[in-house]
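Work through the exercises below with the sequence and the coordinates at hand. Each task is followed by a solution in steps.

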Amino acid sequence: MTYRRAVVPALVGGLLFTLLLWWAGASAEALQLRGSTSVFDVDSVNELRRWLMPWSYDSSVALPSDGSADAATGVGGDTPYAGLYSTAMQIRFVAVFAFFLAGTLLLLRRIPPTRGRTPATLLALWAWGPVSATLAVTVSAPWLIASRPHSSFRVLTQLAAVIASSGPVPVFAGLLTALLTVLVARVCAKGAEPLPRRDVPARPARLAASVGTAVVALSLVVLSYQSAAAWIQTTFSGAGLLSEPGDLLRQWLLLGAWAGPSTAPLGHWLLYRAADGLLLAVVWWSLRLLPGLLTRTTVPAMAVGTVCATVLGLFASQVLHMAIDDTAAVWGPVHVFSALGTGVPAALTFGVTAGLAALVTLRLAGDRDPLPLSVVPA
């Protein structure tokens, strides 16, 4: 699919995704109405408020840096910090549009929704939604932190908290956006010459998928283990504004957090580890199919495709956690979906690394991507 054909669905998807996030943020004020607790319980209202705050333009209802709900210490509408908060949100929405547009263009170019690729395109675009939201939140984080009255205190800890705050809203918005984007892309692809799927040899594809999955497992199995995670969290110390990178590293390096079976019954521990196994299985199977789905196995396509595969694995593991979690009766039904979208920064870090490792393995194993017809010598 050429960029000329892909630009229209990418623009439609970027606009819709941005508008859905803006609408979600604008809805946060409704949760402050007196009757909101008669529709939802208090815990559910607080949880929904946490979901919507990262996308709200209203600085008077924004959470302060410590995560409490004390409006007196927040960024009120008449404080000198309100201008910085407004700037942060403008940067956030422009960035989320730009990141979603760029990723969608690349995905539609390399995984066009034709010749059996439509489900893969839909899933990749869905996964790219939370990734673009995380990138946008990260880009706008310095302005948001500066808009807080105590922005000079624990800067890196605040930065980690802001990066992790995008929440489940981009997951739901990304699914709706992916559906519409694929429909528009199929319409735009009519009349174009269909690109056949590549026949990738089984052995190089499996070897590349195994190497890429091993990179993801490094974060999920090794770094996320309790002792290793604690070492990452507490190794750095010192004085000054940049003395606490542990929280920030945790966001970008750990796909989970778990301990050995001594802290829980063995059966319960194995059940939760099944979610980790499901994540790795989704990543391996996606990487096994990815070279054949791509029109060309370029570095950007493999990197972005592997990031999307890792995020899809996170979705699968988080849905399984929902099925075995029993806290809904205590915290309310909204709390069941609270884990959706967590771990995306680490998925971005290790997804890019795994994609590059898989591509190098694919090349060393003997698979060579054919040149485009325009550059093949006669």
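The exercises concern a predicted model, and they go from the whole chain to single residues.

**Exercise 1. The chain as a whole**

Task: Determine how many helices and strands the protein chain has, and what percentage of its residues count as buried.

Solution.
- Step 1. The secondary structure consists of 14 helices and 0 strands. Read from the N terminus, every element in the order of the chain is therefore an α element.
- Step 2. Of the 378 residues, 48% count as buried.
- Step 3. The accessible surface is about 17,500 Å², and carbon and sulfur atoms hold 69% of that surface.
- Step 4. Among contacts with a separation of 6 or more, 82% join residues 24 or more positions apart.

**Exercise 2. Helix 1**

Task: Test whether the end-to-end distance of helix 1 agrees or disagrees with its number of residues, and find what covers its buried residues.

Solution.
- Step 1. Helix 1 covers residues 3-26, which is 24 residues.
- Step 2. At 1.5 Å a residue the expected span is 34 Å; the end C-alpha atoms are 33 Å apart, so the two values agree.
- Step 3. The buried residues of helix 1 include F17, L20 and L21, as well as the glycines G13, G14 and G25.
- Step 4. The cover over these buried residues includes helix 3, helix 4 (82-110), helix 5 and helix 7 (169-188).

**Exercise 3. Helix 8 and its kink**

Task: Compare the expected and actual span of helix 8, locate its kink, and list the helices that its buried residues pack against.

Solution.
- Step 1. With 22 residues (202-223) at 1.5 Å each, helix 8 should span 32 Å; its end C-alpha atoms lie 31 Å apart, which agrees.
- Step 2. Helix 8 has a kink of about 40°, centred on A217.
- Step 3. A217 is itself among the buried residues of helix 8, as are G212, V215 and V216.
- Step 4. The buried residues pack against helix 9 (226-234), helix 10 (246-253), helix 11 (266-293), helix 12 (299-324) and helix 14 (344-364).

**Exercise 4. From helix 14 back to helix 8**

Task: Decide whether A354 is buried or exposed, and say which residues it touches.

Solution.
- Step 1. A354 is found in helix 14.
- Step 2. Its relative accessible area is 0%, so A354 is buried.
- Step 3. Beyond four places in sequence, A354 touches G212, V215, V216 and T306.
- Step 4. G212, V215 and V216 are buried residues of helix 8.
- Step 5. For A354 and G212, the C-alpha atoms are 4.3 Å apart in space, while 142 residues separate the pair in sequence.

**Exercise 5. The nonpolar core and T121**

Task: Identify the residues with the most contacts inside the largest nonpolar core, then describe the surroundings of T121.

Solution.
- Step 1. The largest nonpolar core has 98 residues, and L21, L107 and V131 have the most contacts inside it.
- Step 2. Helix 5 (residues 118-146) gives the largest share of this core, 14 residues.
- Step 3. Leaving out residues up to four places away in sequence, L107 touches P112, A124, L125, W128, V304 and C308.
- Step 4. T121 also lies in helix 5, and its relative accessible area of 2% means that T121 is buried.
- Step 5. Outside four places in sequence, T121 is in contact with L108, I111, P112, P113 and V182. P112 is thus listed for L107 and for T121.

**Exercise 6. Salt bridges**

Task: Find how many salt bridges the whole structure has, then give the N to O distance and the exposure for each pair.

Solution.
- Step 1. A search of the whole structure finds 3 salt bridges.
- Step 2. R50 pairs with E47, with the closest N and O atoms 2.5 Å apart. R50 is partly exposed at 35% relative accessibility, whereas E47 is buried at 13%.
- Step 3. R250 pairs with D247 at 3.6 Å, N to O. R250 is partly exposed at 32%, and D247 is buried at 12%.
- Step 4. R273 pairs with D276 at 2.7 Å, N to O. R273 counts as buried at 18%, and D276 counts as buried at 13%.
- Step 5. R50 and E47 are 3 residues apart in helix 3 (residues 42-52), so about one helical turn separates them. The spacing is also 3 residues, about one helical turn, for R250 and D247 in helix 10 and for R273 and D276 in helix 11.

Terms used: Residues numbered from 1 in each chain as written. Predicted model: local features only at pLDDT ≥ 70, side-chain atom pairs only at ≥ 80, totals over all residues. Heavy atoms only, no water. Core = buried A, V, L, I, M, F, W, Y, C linked by side-chain atoms within 4.5 Å. Buried < 20%, exposed > 50% of the residue type's maximum accessible area, 1.4 Å probe, protein only. Helix = DSSP H or I, 4+ residues; strand = E, 2+ residues; numbered from the N terminus. Contact = heavy atoms within 4.5 Å. Expected span 1.5 Å × (residues − 1). Bend = angle between axes of the 7 residues up to and from the residue. Salt bridge = Lys/Arg side-chain N within 4 Å of Asp/Glu carboxyl O. Areas by Shrake-Rupley, 256 points an atom, 1.4 Å probe, with all protein chains shown as cover.
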